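User: Could you walk me through this one? I'd like to start with the fold and then move to the ligand.

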Amino acid sequence: MSVMPFGDKSLDLSLPHVMGILNVTPDSFSDGGSFNSLDNALQQTEKMLQEGASLIDVGGESTRPGASPVSTQQELDRVLPVIEAIKKRFDTIVSVDTSTAEVIRGAAALGAGLINDVRALEREGALLAASETELPICLMHMQGNPESMQNSPSYQSVVDDVSGYLLSRVAVCEKLGIAKSRLLLDVGIGFGKSLEHNLTLINQMGRFKELGFHLLTGVSRKTMIGDVLNLPVSDRLFGTMGANASAYKSGSRLFRVHDVKPHVEMLALMSRIEREI
Ligand code: 7PM
């Protein structure tokens, strides 16, 4: 048993858990912005919870390669009403996908249970805001910024560079009094990485498990799946599940996905098989 508190709830991270993606951006690349209203957001949330999601990840900033930045006010307006409505209506954990201090504070005040930051709390004020919430934090690696990160990603050794970066962020967090037990790590698939970099990180995910942190994987429908299979975003589910099954075998226990039901079922089998001796 390895129980981690997420605000008013907790999860046993010796078992796999699915985090359902709820994009509240008007330009979300694989849902066409169709959930960009409170009603649609709640309907999508209800469906993902019925399908077995343990958390709902609410994000209002598109971090798509080449995306332009959104203002703090825009992000607050998109994200906070959705978090408030979900916490009012459903008994679940809401994760907030943000790098912005004001959004971190606002989300925590509304009952969010996890801070999920693709910038690993590097933005001005984010570290202090996150530390004061006392919530768990997912630190993700990204090389560069969303506007230009896919132009020419390069590493000396992708595994050593990404793990070195994540450990440096862990150290910064510890300086502010954030306990290691509050931190989750994520290699950041697709964030300033070539296909080979992404494949190596998944192949070597055991190296990240050895660092002694819980791991989150976000590979759902990403370009690397499309590049291997030569398939559009709409046809990347089976490839996504292969990548996530591999990450599970290497110790990842949280899976950020669009397609909840197939992953809940796949992970139930992975987990049961692992328990048999
Ligand atoms: C448009 C393009 C919208 C790309 C969203 C995205 C991750 C994440 C994202 C991840 C963690 C996506 C990305 N990806 N948070 N947020 N890990 N922790 O493909 O891999 O969903 S946003």
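Analyst: One term before the fold: contact here means heavy atoms within 4.5 Å. Please also keep in mind that this is a predicted model.

User: Fine, so which strands does helix H5 lie across?

Analyst: Helix H5, residues 158-175, lies across strand S7 (137-140) and strand S8, and the helix runs at about 145 degrees to S7.

User: What do the strands form overall?

Analyst: They make a closed barrel of eight strands in the order S3-S4-S5-S6-S7-S8-S9-S10, with parallel pairing, and from one strand to the next the twist averages 25 degrees.

User: And how many bridges join S8 to S9?

Analyst: Two bridges link S8 (residues 183-186) with S9 (residues 214-217), the two strands running parallel, and leucine 185 stands opposite leucine 215 in S9.

User: Switching to the ligand, which residues are closest?

Analyst: The ligand is surrounded by 15 residues, the closest being Asp97, Asn116, Asp186, Lys222 and Arg256; by class, this shell has six nonpolar, four polar and five charged residues.

User: Which ligand atom pairs with aspartate 186, and what about the oxygens?

Analyst: A nitrogen atom of the ligand is 2.6 Å from an N or O atom in the aspartate 186 side chain. As for oxygens, one ligand oxygen atom lies 2.7 Å from a polar side-chain atom of arginine 256, and a ligand oxygen atom is 3.1 Å from a polar backbone atom of glycine 218.

User: How much of the ligand does the protein bury?

Analyst: The protein buries 96% of the 480 Å² that the ligand exposes when taken alone.

Terms used. Residues are numbered from 1 along each chain as its sequence is written. This is a predicted model: local features need pLDDT of at least 70, side-chain atom pairs count only at pLDDT 80 or more; totals for chains, interfaces and linings use all residues. Side-chain values use heavy atoms; hydrogens and water are left out. A residue is near a molecule or strand if one of its heavy atoms lies within 4 Å of it. A polar contact is a pair of N or O atoms within 3.5 Å; within protein, one must be able to donate a hydrogen and the other to accept it, and residues adjacent in sequence count only if both atoms are side-chain atoms. Accessible areas come from the Shrake-Rupley method with a 1.4 Å probe; for residues, only the protein chains shown count as cover. Ala, Val, Leu, Ile, Met, Phe, Trp, Tyr, Cys and Pro count as nonpolar, Asp, Glu, Lys and Arg as charged, and the others, Gly among them, as polar. Two strands pair if DSSP finds at least two bridges between them. Helices (H or I, at least four residues) and strands (E, at least two) are DSSP runs, numbered from the N terminus. Axes are lines fitted to C-alpha atoms, for helices over the stretch in contact, and angles run from 0 to 180 degrees between N-to-C directions.
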